[in-house]
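Please look over the sequence and the model below before reading on. The paragraphs that follow go through a few places in the structure, one after another.

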Amino acid sequence: MTTGTQTGPGAEAGAGAGDKELLNTLKKLAADLFRTRKRVQQLEAGKREPVAIIGMGCRYPGGVTGPESFWDLLTAGTDAVGGFPTDRGWDAFEAQYGGDAYARQGGFVHDAADFDASFFGISPREALAMDPQQRLLLETAWEALERAGLDPTGLHESDTGVFVGANSSGYDAVLGGSGAESAGYLLTGSLTAVASGRISYVLGLTGPAVTVDTACSSSLVALHQAVQALRAGECSMALAGGAAVMVTPGSFMEFSEQGGMGSSGRCKAFSADADGIGWAEGAGMLVLERLSDARRNGHQVLAVIRGTAANQDGASNGLTAPNGPSQRRVIRAALANAQLAAADIDAVEAHGTGTTLGDPIEAQALLATYGQERPDAESPLWLGSVKSNIGHAQCAGGIAGVIKMVLALEHGLLPKSLYAQEPTPHVDWSAGNVKLLREPVEWAAGERMRRAGVSAFGVSGTNVHVILEEATEPGTEAAPEPGAEPATPALTGAPAVPWTVSGRSAAALAVQAARLREHVLAQPEPTPVDVALSLTTTRAAHGHRAVVLGAGREELTAGLAAVAMAQPAANVVT
């Protein structure tokens with residue numbers, strides 16, 4: 001028997017084979033590592049991919065029925081707070097439970113009880129049992145999708161998600177005495193879980209359906225969750241928003257007991273005159289899509305969500321007391337998620353409720369974050385609050401701020417915040433470069449990318465901050481020179497084009513025709529051909545229909561007027 005190391009040609013051949021096998025193994029490991037790194041990079045990029053806002057719908061105080069009327073209210077500097085509604089039996093409620101320590105003023109959606117149940121295939125009995133918040137959410141979801149250029153009926157079986165902020169309005173307790181009229185529908189009509197689920201059911205959507213209740217920050221938490229779901233691939237499109245309707249004056253009574261109600265029922269955000277909150281109601285809904293998908297699908301992009309973050313106050317000085325350090329942390333987390341610096345943000349739509357405790361804490365948090373390291377002394381962070389116009393819309397308040405800032409980006413103007421002429425003396429405004437929007441400020445597009453933050457802080461301690469960015473179309477062509485030929489030829493002397501209108505009833509058809517006429521008269525930019533294309537390709541076709549034929553805007557709008565008044569016209573086919 002021999003021992004020792006083997007030598008000779010056989011040993012050399014074996015060593016060569018071993019080296020080759022080792023080399024192949026290392027190559028395979030290197031290839032696997034490359035693929036793994038690439039996949040990690042893709043996942044990391046997905047976690048931060050911008051999300052496009054492609055459609056919006058809303059109802060707010062002051063007769064706001066959509067983004068256009070909301071913008072009109074904001075630019076006019078309208079105070080939409082008014083007297084209590086007279087059709088909700090609040091006088092009897094106050095007489096029974098007592099209530100005289102507050103101003104009978106608030107921001108109300110006075111037609112919140114109006115609902116076209118048959119349009120959504122809902123029986124009158126079930127509609128009666130439905131919380132008005134569910135009704136408003138259905139309406140604004142449908143309208144937001146149509147405004148995004150989508151036929152809502154075409155999303156059936158899609159993986160679209162629904163994320164809604166809402167809490168119990170107490171409608172079931174008020175309706176409890178209606179007996180057999182609403183029997184069998186009260187449970188689904190009042191469950192907040194159904195607020196999101198009903199939208200998915202009516203439209204046939206199969207993505208996640210989630211209702212969030214974090215009180216005042218609910219709709220922004222819903223938006224935050226929708227963004228996360230889109231980035232994680234749980235859905236390809238999402239509806240996100242919130243609603244609040246006050247069925248009783250209970251919130252006024254309860255908050256007045258705590259000394260939190262404003263003496264005038266108004267939110268005088270960051271003002272020396274601020275003395276408490278003013279309640280409001282409303283609903284807002286956004287249609288969201290990953291930016292890459294929106295571009296690929298050819299959808300309009302109104303604005304981009306670059307980053308979001310949510311956190312909690314934890315053990316602050318009180319269950320309902322705001323926590324400044326937590327607010328600073330959520331702002332920094334949203335900036336990190338957006339991969340931006342505080343100096344990159346031009347404006348913040350604040351939570352700004354007008355309370356003597358909350359406003360100073362929020363202002364100090366903004367001064368400590370956005371107020372530092374501004375580009376220059378002439379580039380402050382501009383600060384405003386839509387609550388000064390409409391009041392605190394609770395679960396729909398945060399999304400109102402988002403819609404306001406999207407409109408501000410679109411129109412290149414930051415609307416003024418009401419009652420802000422004299423800033424609160426409880427804040428050291430010299431601690432950072434932050435200025436209140438005492439007057440409208442031009443915010444035109446330029447070399448610097450325009451961005452804004454939006455905050456919402458829940459009474460239970462849940463804080464949210466969202467970073468918005470202007471939409472920029474890749475490869476956008478320069479605007480034509482004055483006098484240049486338009487891209488779409490004018491229709492003078494051109495063949496007639498059809499404008500199609502439909503509704504689920506004759507009355508609904510008339511209303512749709514009137515609304516389209518009003519819209520076209522207020523928006524002269526789209527050509528008749530553009531309008532015809534949109535009506536044909538992005539609207540659901542209902543049973544009652546009309547076609548208006550015309551070669552120009554005057555002829556077409558006259559035909560719409562005839563349809564709206566149910567009058568015959570030579571250029572109308574029904």
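**Inside the model**

The lining of the largest cavity is made up of three nonpolar residues, five polar ones and one charged one. The model is a predicted one. The residues that line this largest cavity are D131, Q133, Q134, A166, N167, S190, L191, T192 and A195. The space inside the largest cavity is about 40 Å³, and the structure has one cavity of 30 Å³ or more.

One name in that lining, D131, can be followed further. Where along the chain does D131 lie? D131 sits in the loop that runs between α4 (124-129) and α5 (132-147). Is D131 buried or exposed? Its relative accessible area is 5%. Buried means under 20% relative accessible area, so D131 counts as buried. Apart from neighbours within four places in sequence, D131 is in contact with S169, Y171 and G189. D131 can also be compared with a position much further along in the numbering: V247 is 116 residues away along the chain, yet the C-alpha atoms of D131 and V247 are separated by 9.1 Å.

A second aspartate, D346, is also placed in a loop, the one between α12 (324-338) and β9 (347-349). D346 has a relative accessibility of 11%, so D346 too is counted as buried. Which residues does D346 contact, leaving aside its neighbours within four places in sequence? They are R374, P380, L381, W382, W443, R448, M449, R450 and R451.

Now turn from loops to a helix. Helix α10 covers residues 250-257, and F252, M253 and S256 in it are buried. Viewed down the axis of α10, these buried residues fall within an arc of 95 degrees, so they line one face of the helix. Among the elements that cover the buried residues of α10 are α3 (90-97) and β3 (105-106). After α10 comes G259, which has a positive phi, near 75 degrees.

Helix α10 also has a part in the second largest pocket. How much space lies in that pocket? The second largest pocket holds about 940 Å³. The elements that give two or more residues to its lining are α10 and α13 (358-369). Of the elements, α10 gives the most to this lining, with four residues. In total, 43 residues line the second largest pocket, and C216, F255, I277, W279 and V459 are the ones nearest its centre. By type, the lining of this pocket divides into 14 nonpolar, 24 polar and five charged residues.

The last stop is S292, in helix α11 (residues 291-297). Its relative accessible area is 34%, so S292 is partly exposed. Which residue does the side chain of S292 meet in a polar contact? The partner is E49: the two side chains make a polar contact at 2.5 Å. Along the chain, S292 and E49 are 243 residues apart, while their C-alpha atoms are separated by 8.3 Å.

To go back over the main points: D131 is buried and helps to line the largest cavity. D346 is buried as well. In α10, the buried residues line one face of the helix, and α10 gives four residues to the lining of the second largest pocket. S292 is partly exposed, and its side chain makes a polar contact with that of E49.

Conventions: Residues are numbered from 1 along each chain as its sequence is written. This is a predicted model: local features need pLDDT of at least 70, side-chain atom pairs count only at pLDDT 80 or more; totals for chains, interfaces and linings use all residues. Side-chain values use heavy atoms; hydrogens and water are left out. Buried means under 20% relative accessible area, exposed over 50%, partly exposed in between (1.4 Å probe, protein chains only). Contact means heavy atoms within 4.5 Å. The arc is that of the directions from the helix axis to the C-beta atoms. On a 1 Å grid over the protein atoms alone, a cavity is a set of points where a 1.4 Å probe fits but cannot get out, and a pocket is an open set with protein on both sides within 12 Å along at least five of seven lines; lining residues have an atom within 4 Å of a point. Grid points are joined across faces, edges and corners, and a volume is the space filled by probe spheres set on the points. Ala, Val, Leu, Ile, Met, Phe, Trp, Tyr, Cys and Pro count as nonpolar, Asp, Glu, Lys and Arg as charged, and the others, Gly among them, as polar. A polar contact is a pair of N or O atoms within 3.5 Å; within protein, one must be able to donate a hydrogen and the other to accept it, and residues adjacent in sequence count only if both atoms are side-chain atoms.
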